[in-house]
Amino acid sequence: MKGAKITAIGAYVPARRLTNHDLEQIVDTDDEWIVQRTGIRERRISREDEYTSDLCAAAVLDLMNRYGKSVQDVDMILVATSTPDFSFPSVASILQNRLGIPATAGAIDMSAACAGFVYALHTAHAYVASGLHRKVLVVGADALSKITDYTDRSTCILFGDGAGAVLVESDAQQDSFTGFHMGSDGSGAHHVYRTNLSHKVNEVDLIDTGKLVQNGREVFRWAVRTVPQGVQQVLNNAGASMEQVDWFIPHSANLRMIEPICERMNYPFEQALYSLEYFGNTSAASIPLALDLGVREGKVVNGQQVLLYGFGAGLTHAGLLMKLALDPEVSRPAPL
Ligand code: UT7
């Protein structure tokens with residue numbers, strides 16, 4: 001039986017900060033409302049000429065520098081994103097050429113919104129543990145500022161841009177990934193979307209502005225109900241209990257969602273990691289960014305059990321339990 005593990009991690013966020021006070025100048029909102037209702041203080045916004053592929057490349061370079069890793073032997077590239085540079089070619093294909101990964105590697109983008117990174121990690125594990133691939137590059141990245149409606153105060157306060165990357169490699173000794181669960185409920189597909197086509201889903205007319213549209217209350221209610229049940233499924237699959245989980249990393253949508261989710265699971269909130277306070281909701285990047293922050297701060301260390309749970313448009317959700325087994329860092333990371 002072959003196994004897989006994450007051997008290296010890297011992250012990137014754009015330099016430009018958009019604070020709550022900046023947003024007060026743009027829409028009818030205030031810092032107090034945003035902090036109390038979401039926990040978000042600021043987010044990073046990409047330059048006009050900076051796209052998702054640029055965020056991905058920077059995150060992978062951070063990974064390579066920190067862990068002294070080469071990508072010459074990567075044989076599959078998976079990019080989870082809802083904001084690809086183009087409909088096609090994929091961000092993964094652009095990344096292959098840009099990073100000098102051999103053209104013999106496979107390259108695909110995966111679309112599962114804020115659950116995308118965990119879906120991609122599931123896929124990477126399946127590829128590596130089955131023996132089909134040996135070294136898979138997984139990136140979760142989004143440039144949500146490109147599709148955010150900065151006249152809509154209920155959404156523009158939430159979103160930011162960023163990328164997180166990991167390498168999943170084979171492990172002859174053991175499998176670090178021990179529990180999985182995923183799902184998708186298309187009956188809620190009209191609750192969060194982006195389109196520029198005049199089209200219906202679930203008999204609902206979509207708003208075709210090309211900007212992100214969200215019924216925040218519906219998604220909030222669905223996630224607070226669904227995530228604890230999904231986490232239990234991951235634990236059942238692993239034959240583990242929540243007491244064995246050192247860190248819980250849910251998608252960083254809103255701090256006011258993470259609190260009731262932890263409460264319902266009877267899990268200490270202090271052991272939940274999130275990236276939303278200074279980066280906002282970065283969709284597919286939020287979970288790898290939170291994991292990366294935990295590693296940078298020295299909180300998350302090898303041997304610990306980490307439970308990831310993504311959720312978002314679709315409505316999709318996915319979780320997994322893994323034991324951290326990173327290679328040693330060769331250089332200290334620069335602060336994000
Ligand atoms: O990542 C993908 C998955 N997405 C999510 O998980 C998002 C889940 N939802 C949420 O995070 C929250 O629902 C929001 C942050 C989007 C909204 O928070 P809420 O506590 O659910 O507010 P609400 O929509 O119930 O609105 C309450 C009030 C409304 O005013 P009235 O109708 O009570 O007068 C809104 O108009 O707050 C108002 N409001 C604001 N006020 C000041 C909405 N946005 C703002 C704002 N500043 N930015």
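In this predicted model, helix α7 supplies the largest share of the shell around the ligand, namely four residues. Helix α7 spans residues 216–238, and it is joined by α2 (31–38), α6 (153–156) and α8 (255–265) as the elements that each give two or more residues to this shell. A helpful way to picture the site is through the two domains. Domain 1 covers residues 3–171 and domain 2 covers residues 177–323; both contribute residues to the shell, so the ligand lies between them.

The shell can also be read by residue class. It holds nine nonpolar, eight polar and five charged residues. Of the 22 residues around the ligand, those that come nearest are T29, Q214, R217, N254 and N281.

Two of these nearest residues, Q214 and N281, return when individual atoms are considered. In the side chain of Q214, an N or O atom is 2.8 Å from a nitrogen atom of the ligand. The backbone takes part as well: a nitrogen atom of the ligand has a backbone N or O atom of G216 at 3.0 Å. G216 is also where α7 (216–238) begins. For N281, the partner is an oxygen atom of the ligand, which lies 2.7 Å from a polar atom of the N281 side chain. As for the ligand surface, 960 Å² would be exposed if the ligand were taken alone, and the protein buries 76% of that area. The space that the ligand takes up is the largest pocket.

Turning to the backbone, a few places invite a second look. One is the peptide bond from F88 to P89, which is cis, with omega near 5°. P89 belongs to the loop that links β4 (76–80) with α4 (91–98). Another cis peptide bond runs from G314 to L315, and here omega is near 0°. L315 sits in the loop between two strands, β14 (305–312) and β15 (316–323).

A further backbone detail concerns N202. This residue is not a glycine, yet its phi is positive, at about 50°. N202 is found in the loop between β10 (200–201) and β11 (204–205).

Taken together, these details offer a starting point for exploring the model: a ligand between domain 1 and domain 2, a shell in which α7 has the largest share, and loops such as the one between β4 and α4 that holds P89.

Technical notes. Residues are numbered from 1 along each chain as its sequence is written. This is a predicted model: local features need pLDDT of at least 70, side-chain atom pairs count only at pLDDT 80 or more; totals for chains, interfaces and linings use all residues. Side-chain values use heavy atoms; hydrogens and water are left out. A residue is near a molecule or strand if one of its heavy atoms lies within 4 Å of it. A polar contact is a pair of N or O atoms within 3.5 Å; within protein, one must be able to donate a hydrogen and the other to accept it, and residues adjacent in sequence count only if both atoms are side-chain atoms. Accessible areas come from the Shrake-Rupley method with a 1.4 Å probe; for residues, only the protein chains shown count as cover. On a 1 Å grid over the protein atoms alone, a cavity is a set of points where a 1.4 Å probe fits but cannot get out, and a pocket is an open set with protein on both sides within 12 Å along at least five of seven lines; lining residues have an atom within 4 Å of a point. A molecule sits in a cavity or pocket if more than half of its atoms lie within 2 Å of its grid points. Ala, Val, Leu, Ile, Met, Phe, Trp, Tyr, Cys and Pro count as nonpolar, Asp, Glu, Lys and Arg as charged, and the others, Gly among them, as polar. Domain bounds come from an automatic or database domain assignment.
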